[in-house]
Amino acid sequence: LEALERADCLPEATRELVFHEVVHLARSLKPKVVVNKAASPYEARIAFNIFSKYARELLRIEPEHFGHLIFDNCMSEAVNAGTPLIVGRPRHPIAGSIADMTNRLGYF
C-alpha cells in the first residue's frame, strides 16, 4: 500500500482513487488465523498478537484469532503415516481443536 500511495506513474487523482479502493477492499477482508505449533495457548496468543499488529500496519486488515494447535509429535506421526490426525487419533486434544474450528466454520 505504501508503494501504491507513493507511485508517480498514475495521475494523483487516479492514484488516490485506486489507493482508497484497495484500502476499502483490504478492510473488508476478515481472515481467520490459526496459530500452528504453539507451545501453549498463551504462546499462541502472543504469536497472533504479533501477526495481527503487522497485518494492521502493513495490510490494513484486522484478522480474527480463530484458534491454535499445540505442538505435539503426533502431528508429524500422522503426516508420516499419511493419515489425518482427526481420523487416526480422534480423541487427541489436537483433533478436538480441529473439530471445534471446523464446527465453527459450519463443516461438521
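This is a guided tour of one protein chain, going from the whole outline to single residues.

**The whole chain**

Begin with everything shown as a cartoon, and keep in mind throughout that this is a predicted model. The protein has six helices and two strands, and if you follow the chain from the N terminus, these elements come in the order α-α-β-α-β-α-α-α. Turn the C-alpha trace until you can see its extent along the principal axes, which is about 60 × 25 × 25 Å. The radius of gyration is 19 Å, whereas a compact globule of 108 residues would have a value near 13 Å. Of the 108 residues in the protein, 23% are buried. Among contacts with a separation of 6 or more, 55% are between residues 24 or more positions apart.

**The two strands**

Next, select residues 32–38, which form strand 1, together with residues 64–70, which form strand 2; the two run parallel and are joined by five bridges. To find one of the residue pairs, pick Lys32 and look across to strand 2, where its bridge partner is Glu64. Now add residues 41–59, which are helix 3, and trace the chain from strand 1 through this helix to strand 2: the path is a β-α-β crossover, and it is right-handed.

**Charges over rings**

Show the side chains of Lys53 and Tyr54, and you will find the charged end of Lys53 over the ring of Tyr54, at 5.2 Å from the ring centre. Then select Phe66 and Arg104, where the charged end of Arg104 sits over the ring of Phe66, 4.2 Å from its centre. How many aromatic pairs are there to look for? With ring centres required to lie within 6.5 Å of each other, the count comes to zero.

**A buried histidine**

Move on to His92, which you will find in the loop between helix 5 (85–88) and helix 6 (93–105). Is His92 buried or exposed? His92 counts as buried because its relative accessibility is 12%, and the cut-off for buried is under 20%. If you leave aside the neighbours within four places in sequence, His92 is in contact with Asp72 and Cys74, so show these two residues as well.

**A last stop in helix 4**

Finally, select residues 73–81, which make up helix 4, and pick out Glu77 within this helix. Glu77 has a relative accessibility of 47% and therefore counts as partly exposed. To end the tour, draw a distance between the C-alpha atoms of Glu77 and Asn103, which lie 26 residues apart along the chain and are separated by 25 Å.

How values were computed:
Residues are numbered from 1 along each chain as its sequence is written. This is a predicted model: local features need pLDDT of at least 70, side-chain atom pairs count only at pLDDT 80 or more; totals for chains, interfaces and linings use all residues. Side-chain values use heavy atoms; hydrogens and water are left out. Rings of Phe, Tyr and Trp (its six-membered ring) pair if their centres lie within 6.5 Å; planes under 30 degrees apart count as stacked, over 60 as edge-to-face and the rest as tilted. A charge sits over a ring if NZ of Lys or CZ of Arg is within 6 Å of the ring centre and within 35 degrees of the ring normal. Two strands pair if DSSP finds at least two bridges between them. Helices (H or I, at least four residues) and strands (E, at least two) are DSSP runs, numbered from the N terminus. A crossover is right-handed if, with the strands pointing away from the viewer, the path from the first strand over the helix to the second runs clockwise. The radius of gyration is taken over C-alpha atoms; the globule rule is 2.2 Å times the number of residues to the power 0.38. Buried means under 20% relative accessible area, exposed over 50%, partly exposed in between (1.4 Å probe, protein chains only). Contact means heavy atoms within 4.5 Å.
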